[in-house]
Amino acid sequence: MDEGNQSVVTEFILWGLTNSKNLQVLLFVMFLMLYLLIVSGNIVIMLLITTDRHLHSPMYFLLANLSFVDICLSSNTTPKMISDFLIEKKTISFAFCMSQVFFVHCIAAGEMVLLVVMAYDRYVAICKPLHYFTIMNLKRCTWLVFISWTTGFVHGMSHLVVIVELPFCGPKEIDSFFCDVPLLIKLACLDSHDLDILTNADCGVVAVTCFILLLISYTFILISVLQSSKSGASKALSTCSAHITVVLIFFGPCLFIYVWPLNITWLDKFFAVFYSVFTPFLNPAIYTLRNKEMKNAMKRFLSNYLSSKRNP
């Protein structure tokens, strides 16, 4: 069989985050706890929004979708990373590697568009409050969420169709804890310069476009807030500050990994961990701790649960 054919490679070897066995045990415990908090925290948000009628509004419908996306984002790479801390030889099959590539970019692009939709929702709520429920009705919100997933699917497929056809014939070791486009391009048996530019441009179009739309939306929101009453401005700023914090946390690592890569291994790993673990972990914390309605919904849920236990 020709060595230039990618079918020669049936698996890749992941180097992970560290070679220290003691540190791997510590990281195993830490990331396992974080992953359980990510899943449970985001499930709680979805449960509260689904069951509490006070949260049946467009903003919380979109927030529930964001929580679902965050679970998917973390679950794509984190369980494999956690299990690999206990394994000497960290391998990943070619098929599993390609699935990680697809879902990393599908979910990330989908979340970027969803964050734009959430910014648009806040823009309508603050700048056009009288028409809010007419513009952001359930049908339109559903379509906007569908568009975000469609965008993610197209973006993920655009990377997958390129990567899956690359000729992998040389070294099959990946200096990371998951498969990603820039890392796999380095292993391909061809001149990767043009391909690097193409993939960075592909990511850049999605990331930069969404980031610009977000800046425009929040600029209009801030202008409107400054012109409104003090009490209304305070509430609007509180809500928007949570959204802006999430946007900065999510887009920061993405921009440095894909759009303006620094090509510093330890820094790339840090951004990858931050993007796949800490971002999904921080989102529910930000939205629940900074949101009065979510905290009240949690109190109502706990009160109803405890009362049902006392009076079965």
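S74 is a good place to start in this predicted model, because with a relative accessible area of 0% it falls under the 20% cut-off and counts as buried. You will find S74 in helix α2. If you leave aside neighbours within four places in sequence, S74 is in contact with Y35, I38, P79, S276 and P280. One of these partners, S276, also offers its backbone oxygen, which the side chain of S74 reaches at 3.3 Å. Another pairing shows how the chain folds back on itself here: S74 and V277 are 203 residues apart in sequence, yet their C-alpha atoms are 5.8 Å apart in space.

That brings us to the fold as a whole. The protein has 10 helices and 3 strands, and from the N terminus on its elements run β-α-α-β-α-α-α-β-α-α-α-α-α. Of its 312 residues, 46% count as buried. Links between distant parts of the sequence, like the one at S74, make up much of the contact list: among contacts between residues at least 6 apart in sequence, 79% join residues at least 24 apart.

Now follow helix α3, residues 94-127. At 1.5 Å a residue, its 34 residues should span 50 Å, and the end C-alpha atoms are 49 Å apart, so expectation and model agree. This helix is mostly covered, with 26 of its 34 residues buried.

Where do the nonpolar side chains gather? The largest nonpolar core holds 71 residues, and the members that touch the most others are F31, L63, L115 and F250. Helix α3 gives the most to this core, with 14 residues. To see one of these well-connected members in place, look at L63: not counting residues up to four places away in sequence, L63 touches I45, I49, M118, Y287 and M294. Apart from the largest core lies another, of 22 residues, and V9, F12, F94 and V101 are among them.

Helix α5, residues 138-163, is the next stop. Its 26 residues should span 38 Å at 1.5 Å a residue, and the end C-alpha atoms are indeed 38 Å apart, which agrees. At the start of α5, a side-chain oxygen of N137 comes to within 3.2 Å of the backbone nitrogen of K139. Further along, the buried residues of α5 are C141, V145, S148, G152, H155, G156, H159, L160 and I163. It helps to read that list with helix geometry in mind: an α-helix has 3.6 residues a turn, so residues three or four places apart point the same way. What do the buried residues of α5 pack against? Their partners are α2 (58-84), α3 (94-127), α6 (181-187) and α7 (193-227).

Two residues of α7 let you look at that neighbourhood from the other side. T199 is found in helix α7 and is buried, because its relative accessible area of 9% is under the 20% cut-off. Leaving aside neighbours within four places in sequence, T199 is in contact with H159, V181 and I185. C203 also has its place in helix α7, and at 7% relative accessibility C203 counts as buried. The C-alpha atoms of C203 and H159 are separated by 9.3 Å, although these residues are 44 apart along the chain.

C203 leads on to the empty space inside the protein. The count comes to 3 cavities of 30 Å³ or more, and about 100 Å³ of space lies in the largest cavity. Which residues lie nearest its centre? Of the 13 residues that line the largest cavity, these are A108, M112, H155, C203 and Y258. The elements that give two or more residues to this lining are α3, α7 and α8 (230-259). The largest share, 5 residues, comes from α3. So the tour returns to familiar ground, as α3 is also the element that gives the most to the largest nonpolar core, while H155 of the cavity lining is one of the buried residues of α5.

Conventions. Residues are numbered from 1 along each chain as its sequence is written. This is a predicted model: local features need pLDDT of at least 70, side-chain atom pairs count only at pLDDT 80 or more; totals for chains, interfaces and linings use all residues. Side-chain values use heavy atoms; hydrogens and water are left out. Helices (H or I, at least four residues) and strands (E, at least two) are DSSP runs, numbered from the N terminus. The expected span of a helix is 1.5 Å times one less than its number of residues. Buried means under 20% relative accessible area, exposed over 50%, partly exposed in between (1.4 Å probe, protein chains only). Contact means heavy atoms within 4.5 Å. A polar contact is a pair of N or O atoms within 3.5 Å; within protein, one must be able to donate a hydrogen and the other to accept it, and residues adjacent in sequence count only if both atoms are side-chain atoms. A nonpolar core is a set of buried Ala, Val, Leu, Ile, Met, Phe, Trp, Tyr and Cys residues joined through side-chain atoms within 4.5 Å. On a 1 Å grid over the protein atoms alone, a cavity is a set of points where a 1.4 Å probe fits but cannot get out, and a pocket is an open set with protein on both sides within 12 Å along at least five of seven lines; lining residues have an atom within 4 Å of a point. Grid points are joined across faces, edges and corners, and a volume is the space filled by probe spheres set on the points.
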